[in-house]
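Me: Please take a close look at one part of this model, the metal site together with the elements around it. I would like one connected account that I can follow with the structure open.

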Amino acid sequence: MKIKRIELHHVKLELVSPFVTSMGVEYDEEHIIIRVDADGVTGWGESVAEGTPFYSYETVQTAWHILKDFLIPNILGKDLKNVDEAIELWSRVRGHRMAKAGLEAALWDAFAKKEGVSLSNILGGVLKKIDVGVSIGIQESSAILISKVESYLKEGYQRIKIKIAPGRDLQFVSALRKEFPDIMLQVDANSAYTLDDINIFREMEQYNLSLIEQPLGYDDIYAHSKMQKELKTPLCLDESIHSLADTQAAIELGSCKIINIKPGRVGGFTESKLIHDYCQVQNIPVWHGGMLESGVGRAGNVALASLSNFILPGDISASKKYYKEDIVSPVFEINPDGTMDVPTKPGIGVEVVEDRLRRVTVHHEIFK
Ligand code: OSB
Ligand code: MG
């Protein structure tokens, strides 16, 4: 497939409501939408590097630089046999996984469209519907949190994840558990704690959480192994897992019992599949994380989450949970039974609405 033209869009999407985590408050989400034109088809991908380097060291600006100066020049004008060939061509570039993942996603979409198959199909997905949950930011009070959870449960979401931070943890977990004794409930700390906080997590054990996500240092697999030994509740790593090698280290060290896969964080669908397959053999359940994607990235997430070891509900919610207006059509919706349909049309299976894309684009550049 001859790569004829690549276009980058720096987009800024206003969130329906501010998203508060231990990392700060987000009012809008900046990402890069990537368009690849090749052999008469158009592939779309989304790089989930954000405006700020708080979740990951990558930002929109670093991803733009890596895409423009290293990844795109390596594949533009080339006749690629498959996605692996592109990965090989940019393999000298270390790290910058969100930059790579966005371009890789656009290539997967283009190859799938050229073959006339869905992205789910080309990635080896088997599920027709995926189980979905919702990730809720830190709220002002337990009463507000309870009413939010109530409305998400009414929509059908199969599990609730709440963000926590020191001083804003046990009161929310205990209030929710009291109100909703049987729901699937988990917490995400985004690396806000240290091993000295172990007693907070010992106390959390009584609330029957499905998992505790990334309580400790973003780069500290070893500390998590110490914490997991002290707790029955499964730990789940997000920030610390960038590759299959990280996954193997974390599982062999006993740092977690569950893995969150985000294609952006691990460098693309290809690495995601390696992690997925390894975890399946090791009997480690995985679930699909989210980065507040637009419909472009969400379509990729839904396709990847249709692989068979995505056993737990993902952070893949309806478009309207995030944005008033998505940039794809149809938008993503949740079924009353808490599932989301996996698109069956070729590639990502949804159309990018170009005038909506134009309206949210703050900067764009064409390479040909
Ligand atoms: O830690 O999972 C996280 C959003 C941005 C950055 C990090 C995280 C998140 C979420 C939101 O939890 C998940 C979603 O997209 O719904
Ligand atoms: Mg997380």
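Reply: In what follows, a residue is called buried when its relative accessible area is under 20%, exposed when it is over 50%, and partly exposed in between, using a 1.4 Å probe and the protein chains only. This is a predicted model, in which local features need pLDDT of at least 70 and side-chain atom pairs count only at pLDDT 80 or more, whereas totals for chains, interfaces and linings use all residues. Residues are numbered from 1 along each chain as its sequence is written, chains are lettered from A and ligands numbered from 1 in the order in which they are written, and side-chain values use heavy atoms, with hydrogens and water left out.

I begin with the metal. The magnesium ion (ligand 2) is held by Asp-188 (OD), Glu-213 (OE) and Asp-238 (OD), at 2.1 to 2.3 Å; donors here are N, O and S atoms within 2.8 Å of the metal (3.2 Å for Na, K and Ca), and since water is not among the atoms, a site may look incomplete. Along the chain, the donor residues of this ion follow the spacing D-x24-E-x24-D. Asp-188 lies in strand 7 (residues 184–188), while Asp-238 belongs to the loop between strand 9 (235–237) and helix 9 (244–253), so the pair ties together parts that are 50 residues apart in sequence. Helices (H or I, at least four residues) and strands (E, at least two) are DSSP runs, numbered from the N terminus. Asp-188 counts as buried, at 1% relative accessibility, and Asp-238 is buried as well, with a relative accessible area of 0%.

Past strand 7, the chain enters the loop that leads to helix 7, and Asn-190 lies in this loop. Asn-190 has a positive phi of about 45 degrees although it is not a glycine, and with a relative accessible area of 6% it is buried. Most residues other than glycine have a negative phi, and most peptide bonds are trans. In the loop between helix 7 and strand 8 (212–213) sits Asn-208, whose phi is near 55 degrees, again a positive value in a residue other than glycine; Asn-208 is exposed, with a relative accessible area of 56%. Tyr-207 is found in the loop between helix 7 and strand 8 too, yet Tyr-207 is buried, with a relative accessible area of 14%. Not counting residues up to four places away in sequence, Tyr-207 touches Leu-170, Val-173, Ser-174 and Arg-177, where contact means heavy atoms within 4.5 Å.

Those contacts lead to helix 6. The buried residues of helix 6 are Leu-170, Phe-172, Val-173, Ala-175, Leu-176 and Arg-177, and they pack against helix 5, strand 6 (159–163), strand 7 and helix 7 (198–204). Strand 7 thus appears both in this packing and as the element that holds Asp-188.

Two packed helices are described by the angle between their axes and the distance between the axes. Axes are lines fitted to C-alpha atoms, for helices over the stretch in contact, and angles run from 0 to 180 degrees between N-to-C directions. Helix 5 (residues 142–155) and helix 6 (residues 170–179) pack at about 45 degrees, with their axes 10 Å apart. Angles under 35 degrees count as roughly parallel, over 145 as roughly antiparallel, 65 to 115 as roughly perpendicular and the rest as oblique, and helix 5 and helix 6 are therefore oblique to each other. Their crossing is right-handed, meaning that the near helix is turned clockwise from the far one by less than a right angle, and it would be left-handed if anticlockwise. On the helix 5 side, Ser-142, Leu-145, Ile-146 and Val-149 meet Gln-171, Phe-172, Ala-175, Leu-176 and Glu-179 of helix 6. By class, this contact has 6 nonpolar, 2 polar and 1 charged residues, where Ala, Val, Leu, Ile, Met, Phe, Trp, Tyr, Cys and Pro count as nonpolar, Asp, Glu, Lys and Arg as charged, and the others, Gly among them, as polar.

Helix 9 follows the loop of Asp-238. Helix 8 (residues 221–230) and helix 9 pack at an angle of about 30 degrees, with their axes 9 Å apart, which makes helix 8 roughly parallel to helix 9. The contact is made by Ile-221, Ser-225 and Lys-229 of helix 8 and by Asp-246, Ala-249, Ala-250 and Leu-253 of helix 9; by class it has 4 nonpolar, 1 polar and 2 charged residues.
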